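Hi there,

Here is the structure I promised to pass on. Could you have a look at it alongside my notes below?

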Amino acid sequence: EKELENMQMLAQLQADGVILMTNTGKYSQMYEKFSMPVVFVDRRLEEMERAGIVEADHYAGGKLAAEHLIACGCRKITCIRGPQELSSGRKRYEGYCEVCRQHGIGERFVDGSYHYEDGGRAAEEVLRRYPDTDGIIAGNDMTAVSVYKMLRKKGYRVPEDIQLIGFDGVKLGRFLTPELTTVAQPIAEMGKCAVQMILKTVQQVAHESEKRFPVTLIQGETTKSKR
């Protein structure tokens, strides 16, 4: 509801356009009522035909995370998957599943969110449902930090007992000790691209309405050296 209030305010102020990072597709039809250009960053709402989309390659990111853990010796990898109603959470999980199939490893998951507070709960569920887990893929870096804290609280060593990888590449992961291994999105470039889409739409300059950016693995200290 807060998102819609902000949209209404921007429409009243005659803003040239709006860039949105939304955690839900609940209000997508209502977004369509606004005449201003809309660009979604890191989310894909299929029903929003007029909106621009700037996103990372989440499917490749899910594969990259799983492949890295396997290369580091993990064979019991549990995915704390992001919300499946969001394209980011869905595609990352699909990438993880593809790698599991390629290596003959069983898929294991618990449902999570992108909120820090949910990471600890999800970690407890992982330990309860899959006590032999040796690698965890967190939904994003925020939840990964919370997962790490819960693992330490339960007496697990990272990465000696359980290896951990996040997603996004935000600065928070660098402040963790040990430093978080993560799949990084080019956040600054994605933001610039979203702004350019708005400007070109306003100027009526032809441009692509969708842009997907590659992701990269940043090796930290929450995973072991590759074997």
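Before the notes, a word on terms: two strands count as paired if DSSP finds at least two bridges between them. Helices (H or I, at least four residues) and strands (E, at least two) are DSSP runs, numbered from the N terminus. Please keep in mind that this is a predicted model, in which local features need pLDDT of at least 70 and side-chain atom pairs count only at pLDDT 80 or more, while totals for chains, interfaces and linings use all residues. Residues are numbered from 1 along each chain as its sequence is written, and side-chain values use heavy atoms, with hydrogens and water left out.

Let me start with strand 2. Strand 2 is joined to strand 3 (residues 52-56) by 3 bridges, and the two run parallel. Strand 2 also pairs with strand 1 (residues 18-20), again in the parallel sense and over 3 bridges. Val39 appears in both pairings: Val39 is the bridge partner of Ile19 and stands opposite Gly52 in strand 3. In a regular strand, side chains alternate between the two faces of the sheet. Here, Val38 and Phe40 point one way from strand 2 (residues 38-41), Val39 and Val41 point the other way, and all are buried (under 20% relative accessible area; over 50% is exposed and in between is partly exposed, with a 1.4 Å probe and protein chains only).

Next comes the open sheet. Its 6 strands are ordered 5-4-6-7-8-10, with mixed pairing. Strand 5 (109-111) and strand 10 (216-218) are the edge strands, each pairing on one side only. On average, neighbouring strands of this sheet are turned by 20° against each other, direction ignored. Strand 4 (residues 77-81) and strand 6 (residues 135-137) run parallel and are joined by 3 bridges; Thr78 has Ile136 of strand 6 as its bridge partner.

Two helices pack on this sheet, where contact means heavy atoms within 4.5 Å. Helix 4 (residues 87-103) touches strand 4, strand 5, strand 6 and strand 7 (163-168), and its direction makes about 165° with that of strand 4. Helix 6 (residues 141-153) touches strand 4, strand 6, strand 7 and strand 8 (181-184), and its direction makes about 160° with that of strand 7. Axes are lines fitted to C-alpha atoms, for helices over the stretch in contact, and angles run from 0 to 180 degrees between N-to-C directions.

Helix 4 also meets helix 3 (residues 58-71): their axes come within 6 Å and cross at roughly 40°. That makes helix 3 oblique to helix 4 (angles under 35 degrees count as roughly parallel, over 145 as roughly antiparallel, 65 to 115 as roughly perpendicular and the rest as oblique). Residues making the contact include Gly62 and Ala66 of helix 3 and Ser88 and Gly95 of helix 4.

Two buried residues may interest you. Ser88, in helix 4, is buried because its relative accessible area is 0%. Not counting residues up to four places away in sequence, Ser88 touches Asp42, Arg43, His58 and Tyr114. Val126 lies in helix 5 (residues 116-129) and counts as buried at 0% relative accessibility. Leaving aside neighbours within four places in sequence, Val126 is in contact with Thr78, Ile80, Val110, Pro131, Thr133 and Ile136. Thr78 and Ile136 are the bridge partners from above.

Best wishes
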